[in-house]
Amino acid sequence: MIATLDDLDVEGTTVGVRVDVNSPIDDDDTLADDARLRAHVDTLAELLERDGRVAVLAHQGRPGGDEFVSLESHAERLSELLGQPVDYVDATFTAAAREAVRDLEDGDCVVLENTRFYSEEYMEFEPERAARTHLVAGLEPVLDAYVNDAFAAAHRSQPSLVGLPTVLPSYAGRVMESELDVLGSIEETGEPRVYVLGGAKVSDSIDVAWSVLEKGLADHVLTAGVVGNVFLIADGVDLGDASSDFIYDQGYWDEIDRAADLLDAHGDRIALPRDVAVDRDGGRHELGVNALPPGDGESAMDIGGSTLEYYRRVLEDAETVILNGPAGVFEDDRFETGTRQLYDAATDIPTSIVGGGDTASALRQLGVEGFSHVSTGGGAALRMLTAESLPAVTALENAPEQPAADD
Ligand SMILES: Nc1ncnc2c1ncn2[C@@H]1O[C@H](COP(=O)(O)OP(=O)(O)OP(=O)(O)O)[C@@H](O)[C@H]1O
Ligand SMILES: O=C(O)[C@H](O)COP(=O)(O)O
């Protein structure tokens, strides 16, 4: 049983609120899309209106990546969305951070710095070990309670997600509450059930594919995006140097063997792209798998028309479809067709569930709507849709209770 904001005595309480505002970032290192911030406004506004003292914790990007930036511009945007000043401090758990938290008055909000600027926050721990990290040890003395609204990060067993709820009375925020409500009953959805796995988080997608195929939750898995490219290579297709180098540079080379093992075990239920689109002379050019490899420097950027036709046929009979990750580089007009058409076909299915930060922003950009549920989470939604527990949710279930007011 997870406590919610309804169970929290908020007034005068200093609450650490973990949100997931991991977002696309512009070239000047500032926030490019505020959708994930907007999702958390209800939770934060409720805590502030109820006179809580709110310290916001979040990660942005991954170490070494282009989107690994400060949360300063997130704090500025949050201030606009909440319609009140929001402080930002360039520290997460050090003396400066503690001072900023102690300075909060009722109804005040401060955003602490990107949790992943500290190496422990990018490691996965058991909750008891996570509770002994510097972040938890540094923040526990200045927090009375912890709220986790970061459903999209709930599949990560990292200190701000599983360590803080081990030592503090803890509650689900409104986003967490509604996601658990909708996504908690995948086994009850109609069949045939189709999983569409695209995007660039190859190892997460392969984990999910293994799980749903082994458990019999998926009647079909359709692959697209970088995930589809990895499966094509695993199936012996020569995608050319540019796609292979990209997969190698992203650190996904080892995933090719895992994809091959999965094809051996469950290949009859896994669909691979039949054609891909490449950039040729500045335009979109489609190549059937038999015509590969592409020319020098050409990379598989989208699924092609015959793949779409094939995937549409599979989707026609589906009762439930679960989609994660774009089918191609949707940010480029030449390669958005696969994502737009595939997702559009999915809106006709009785239960259509979409996960993924980039996926949600792709759909907004492409004007595709009409799904049963668009989750704030990508990997987290997928993990949940495999009917597996999420470490951060388990940590909330096991959290200590808030002491009674007169204790
Ligand atoms: N064929 C491709 N080659 C290179 N990049 C691709 C290709 N297909 C998709 N992508 C990229 O994948 C990225 C999105 O993938 P990602 O797995 O992060 O999806 P997501 O919806 O954000 O999921 P999550 O919420 O888990 O992050 C996009 O930036 C898109 O350009
Ligand atoms: O975007 C996401 O899926 C979450 O913010 C988690 O990010 P991560 O995959 O970098 O842990």
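A residue is counted as near a molecule if one of its heavy atoms lies within 4 Å of it. The model is predicted: local features need pLDDT of at least 70 and side-chain atom pairs pLDDT 80 or more, while totals for chains, interfaces and linings use all residues. Residues are numbered from 1 along each chain as its sequence is written, chains are lettered from A and ligands numbered from 1 in the order in which they are written, and side-chain values use heavy atoms, with hydrogens and water left out.

**Exercise 1. Describe the surroundings of ligand 2 and its polar contacts with Asp20, Arg36 and His59.**

Step 1. List the shell. Ligand 2 is surrounded by Asp20, Asn22, Arg36, His59, Arg62, Arg116, Ala152, Arg156 and Lys201.

Step 2. Sort the shell by class. Ala, Val, Leu, Ile, Met, Phe, Trp, Tyr, Cys and Pro count as nonpolar, Asp, Glu, Lys and Arg as charged, and the others, Gly among them, as polar. The shell then has six charged, two polar and one nonpolar residue.

Step 3. Examine the contacts. A polar contact is a pair of N or O atoms within 3.5 Å (within protein, one must be able to donate a hydrogen and the other to accept it, and residues adjacent in sequence count only if both atoms are side-chain atoms). An N or O atom in the side chain of Asp20 is 2.6 Å from an oxygen atom of ligand 2. For Arg36, a polar side-chain atom lies 3.0 Å from an oxygen atom of the ligand, and for His59 the distance from such an atom to a ligand oxygen is 3.0 Å.

Step 4. Assess the cover. Of the 310 Å² of accessible area that ligand 2 has on its own, the protein covers 95%; areas come from the Shrake-Rupley method with a 1.4 Å probe, and for residues only the protein chains shown count as cover.

**Exercise 2. Relate the UniProt "binding site" annotation that covers Asp20 to the largest cavity.**

Step 1. Read the record. The annotation, from an unreviewed entry, covers Asp20, Val21, Asn22, Arg36, His59, Gln60, Gly61, Arg62, Arg116 and Arg156. UniProt positions are given in the numbering used here, feature names are shortened, and annotations may be inferred rather than shown by experiment. From this set, Val21 belongs to the lining of the largest cavity.

Step 2. Place two of these residues. Helices (H or I, at least four residues) and strands (E, at least two) are DSSP runs, numbered from the N terminus. Asp20 is in the loop between β1 (14-18) and α1, and Arg116 is in the loop between β4 (109-111) and α5 (127-130).

Step 3. Characterise the cavity. On a 1 Å grid over the protein atoms alone, a cavity is a set of points where a 1.4 Å probe fits but cannot get out, and a pocket is an open set with protein on both sides within 12 Å along at least five of seven lines; lining residues have an atom within 4 Å of a point. Grid points are joined across faces, edges and corners, and a volume is the space filled by probe spheres set on the points. The whole structure holds one cavity of 30 Å³ or more, and the largest cavity has a volume of about 40 Å³. Its lining consists of Val19, Val21, Leu37, Val56, Ala58, Leu71, His74, Leu78 and Val111, with eight nonpolar, one polar and no charged residues.

**Exercise 3. Characterise the second largest pocket by its volume and lining.**

Step 1. State the volume, which is about 300 Å³.

Step 2. Inspect the lining. There are 19 lining residues, and Ala35, Arg36, Ala39, Ser375 and Thr376 lie nearest the centre of the pocket. Two or more residues come from each of α1 (35-39), α8 (174-183), α15 (357-366) and β15 (373-374).

Step 3. Sort the lining: eight residues are polar, six nonpolar and five charged.

Step 4. Compare with the record. A UniProt "binding site" annotation from an unreviewed entry covers Glu331, Gly356, Gly357, Asp358 and Thr359. Gly357 from this set is part of the pocket lining. Glu331 is placed in the loop between β13 (320-324) and α14 (337-346).
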